[in-house]
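Trainee: Please take a close look with me at one part of this structure. I'd like to see how its helices and strands fit together.

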Amino acid sequence: MTELKHYFAPTSLDQAVECLKDGDVTILAGGTDLTPQSQAGRIRIKRTLMNIRHIPQLSGITLEGREIRIGTLATITEIMEHPLVRQHLPVLVEACNHFASDQIRNAATLGGNICNASPAGDTLIPLLLLDARVELASMPEAKLYRHSMPLATFFVGPGKTRRSLCELLTCVRIPLPGEGHVAHFHKLGTRPALDISTISIGIGGTLREGVLTNVRVAFGAVAPTPVRAARAEQALEGQKLDAAIIDRVAAIARDEVEPIDDVRATAWYRKEMIHNITRRMLTHVAQA
Amino acid sequence: MSVSEKKTRIIEPDSLIGKRIPKMDAPEKASGRTRYIHDINLSGQLYGKILRSGRIHALIKSIDTSAARALPGVHVVITAADIPDQRPIGVARDHFPLKVGRVRSQRDEIAAVAAESEEIAEAALKLIKVVYEDLPVISDPEDAIKPGAALIHPEPHGADGTHLHLKQGTSIAHRGKADNIAMRFDYAHGDVVKGEAESDVVIEDTFRLHYVTHCCMGVSGMIAEFDASGNLLMYSNTQVPFLHKREFAEYLNMDPARIRIIQPPIGGGFGSKLDIYPFEIICLFLARAAKRPVKMLFTREEEFLASPTRQPVLLTLRSGCKKDGTLTFRQVHTLHDNGAYTSWGATTPFVMMQTFSSLYRVPHCDYHTAAVYTNNPYAGSFRGYGNLQATFAIEQHMDMMAEAIGMDSLEFRLKNAQDSGETTGQGMVFKSCGFKDCINTAAQRSDYSRKFKENEANRGKPGNIKHGIGMASMLHVGGGAKIYPSDGCGTILKMDDFANVTLITGASEIGQGSETVLSQLVCEELGLPISAITVVNNDTAITPWDVGVHASRTTFIAGNSAIGAAKKAKAKILAVAAKKYDAAEADLDLRGGFVIKAASGEVVVELSKLLRNLHFQDKAELVMTTFYYEPPSVHQGKDFKGDVSAAYAWASQVVEVEVDTDTGMVRMTKITGAHDVGRVLNRLGIEGQIEGGMVMGQGYALTEDLMIVDGVMRNPNFRDYKLVTAPEIPEMDIAFIESMDGEGPQGAKGVGEAPSICIAAAAANAIRNATGVRMFELPFTPEKVYRALHGQTPKRYWKPWKAE
Ligand SMILES: Cc1cc2nc3c(=O)[nH]c(=O)nc-3n(C[C@H](O)[C@H](O)[C@H](O)COP(=O)(O)OP(=O)(O)OC[C@H]3O[C@@H](n4cnc5c(N)ncnc54)[C@H](O)[C@@H]3O)c2cc1C
């Protein structure tokens, strides 16, 4: 049973963070995680349920200087269809394309995907490749206070982040990728729609004359959080993508991850897939 | 209209048979107006909820319901102790709805609440305290038959070791069972030892079939109400209202005549509603105690946890043939995981042995099943009824034996395939049989032989995507199945003053399209448009007896029954018309809503006018007829021999796949099906039935897997239990072989179960064709296939075993 006593739908950011001070508040965005999880008893709805969907400051996708700002309330569908995202962040579109189904994509928000902090969250891998930062708002005193941190340091464990109970995620900021930037995402599940990733892989960097620099490799569903693969990144950095290096990186990636057995797959299979898909993706990049 | 015009009016011949007729319930369903049981609420109704076991196998030491009873809004709380006259249910009467002294599986019912709202009922369940003492869990059927294995149904003892004061009875639930063998089946024809001696090639393999469940879109539910005179009215989703009426009466210790069952539109059956489940009896207990209507609806999780499954099977098949391709013998041993209680799953050998003994001509056959108790979920009946499992084994062996003797697998199949006119070792008589046509048609339309060779040649080439093609065929009852003394169905037909027909049939509609096809058959006889008919088929107080919706029987049995009633009505009408218009009956016919001259189509009289004349006269008469159809089939004896069905359906299906060797992912790209359906009645309906069945077969083969670990269901939800989604559905090419069965309604045979039967077997053959690797265990999920491709799947061998 829930202890839910109040429902609150603020229309401004100030009202929302003011409400959060209480600490006993559950934030509702699209509800596509919250509803099934609370019904299954995996999370408990707190005293106040705060619906943030009526706060204009939390929406929108805009170019601010050399950064793209995506409001926490942007839905997967909005992101997928937005010209700025399509032009500058195609890897994010790739991930959105494999996300759930139309119905869920219309409701699910980017902020919800981030705050839910599932190791299999599909937008998290491309956001890691893109050096995204998350922005958090709170009201420690009487004034709105914002701070930000790299997404790469935001996740602590399954469902756990560095966000404090009094903070609201307001937006994600992504620096515009430079010239020659390439990035790809691959989701491996058992079916093309409505599936949770068995594993997912993102690989990005700057490609010049077959050489990859500023490399980012990130994996989903192989650790308690989405992770960057430091050793695989190092092995790729500054290398020309030939068959030997691709095989070497794929093997390093396989040995670097420490996944678990669950209903979707065994750890062994996940490691094999990290190897095979990493190899396949790098081969595609090399051939492109 | 002038007299001369009337005389020249001609009605051209027309037929409804073979046309594409939209299902009569489609507009309501598509527009969301259908009132399922979920949408029905009676005034004064309470909501029932069940407390299930927190343990897999345990003694119940105590149950404390006092806090739940005290919760405001709670009307009734019951446990086994409150129902002293509780009777065991199920096929083997080994199952008390409310558990007495012991729980044996995760879904076990301990207590139930009726309250003013679902929320209150839920809250009350949380207040019930149960103390358990855990017992060892048997989750592997092989463990259940080991000497000294713990018993799932020992003689019932109370928590303190003394006898529980159960009412006297002889059932397993009362007396216990000294071993874990719930049921056994032994069948033979010929002499397998002789058969083996004559064989040039003998192969033996173990196959393992997994748990899947029906996943009806409409979750289970019931509403029960006792009226002031003690009569019981049930809104129930049963597929077998008449048999269940009697059974409910037994469980409630009441007169069946006082039970009435109304079936609201059913949101999916597929065999799942063929047995009575604890929740139904518990709902009745609650309604009886509360003296109020009680509604009970499952949540989706409950639907997974507490619904029956398809029968999981461990099967070792030994087959032999001669070098010239003649089959010599087949020997089959299966271990059925019965789960904790016995439902219809245990009886799937009825169907499985037919496939082994009679799909192909095999002179010697020996078949044994032991269904053994475990602490797992229990299996019920499910579309195909064991035939998916049997076909999976047999059709892989057909390919393997062909390969072993170096014969083309098509030629090998055709050499051993049955023909019409044959009587099998099991005594089945194939009056109409389009089997060879099915094989040839499916092979030609899919270009099987060419692709098969090409794929084999391409196996070793570079690239991670391998293409495969595989075939499998099936035999299934297509004219009912006489598993009860009667396999009949009754019809009442009435015509009104406007020549509209009300067809009152015992046959239930469970979404399969029976009301449309029955209407079509009646309208065809009476020369009426399909719009002229109303079907009443869901109320035992109104409809005549029928054995139930199962065994692909409704079109055949209820169809013949409806035709019988329509023919009687037609005869009466023509007799009246002949007299009135001074013509010979034989020269008249019914067409387009008129009585016509048969030879010319010339209108004699409008049918509605004739009916009114008949009604509004001195000796008033109405056109109302009844008919009961009993098929000419045989109730099999203890040896399981005899012609159990009035007709048999055949099909061959070819499945094409792409296997990604990097991931083990199998994509089904095309299914070609050739089905001997006797005759196509409603083309739209039969296509829908076959397409749906193929997708169900695809799910069984590739994605669906109800994971049970140590008796615990790991994935009771649609996130982790993977039904096939729209983009995965392959291209389908469906061909009909119209063998015009002599006994079938307009020549038709049953088809409901057939389309899902071959897919897994054909997929296994296709994966082998693509990769050279043979899969003996379902389902073909990416990891399973990947492991097999990388030699990570040790081949399982289950040493044939039969109960002493
Ligand atoms: C059928 C189905 C399929 C799915 N498929 C996928 C898939 O393919 N890939 C995938 O990644 N996910 C999938 N999901 C999960 C889910 O849709 C996503 O994680 C989604 O992005 C969550 O967003 P939401 O707006 O619905 O979040 P909500 O459910 O509203 O919230 C999720 C969590 O985040 C918190 N939260 C939300 N917004 C904020 C904020 N601004 N500040 C602080 N906390 C916040 C909430 O309190 C809650 O704990 C699926 C879910 C379902 C039901």
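Mentor: Happily; let's start with helix 19 of chain B, residues 683–703, whose 21 residues reach 29 Å from the first C-alpha to the last, close to the 30 Å expected at 1.5 Å a residue. (Expected span is 1.5 Å times one less than the number of residues; helices are DSSP runs of H or I with at least four residues, strands are runs of E with at least two, and both are numbered from the N terminus.) This is a predicted model, where local features need pLDDT of at least 70 and side-chain atom pairs count only at pLDDT 80 or more, while totals for chains, interfaces and linings use all residues. Residues are numbered from 1 along each chain as its sequence is written, chains are lettered from A and ligands numbered from 1 in the order written, and side-chain values use heavy atoms, without hydrogens or water.

At the N-terminal end of helix 19 of chain B, Asn682(B) acts as a cap, with a side-chain oxygen 3.2 Å from the backbone nitrogen of Leu684(B). (A polar contact is a pair of N or O atoms within 3.5 Å; within protein, one must be able to donate a hydrogen and the other to accept it, and residues adjacent in sequence count only if both atoms are side-chain atoms.)

Now the sheet. Its four strands, in the order 16-24-25-28 of chain B, make an open sheet with mixed pairing. (Two strands pair if DSSP finds at least two bridges between them.) Strand 16 (465–477) and strand 28 (731–737) of chain B each have a single partner strand, so one side of each lacks a neighbour in the sheet. From one strand to the next, the twist averages 15°. (Angles run from 0 to 180 degrees between N-to-C directions, and axes are lines fitted to C-alpha atoms, for helices over the stretch in contact.)

Seven bridges join strand 25 (residues 665–676) of chain B to strand 28 of chain B in the parallel sense; there, Ile671(B) stands opposite Met732(B).

Two helices pack on this sheet. Helix 15 (residues 448–458) of chain B touches strands 16 and 24 of chain B, at about 140° to strand 16. Helix 20 (residues 759–771) of chain B touches strands 16, 24 and 25 of chain B, at about 155° to strand 16. (Contact means heavy atoms within 4.5 Å.)

Finally, helix 20 of chain B also packs with helix 12 (residues 387–405) of chain B, at about 35° and with axes 7 Å apart. Among the residues that meet are Phe392(B) in helix 12 and Ala764(B) in helix 20 of chain B.
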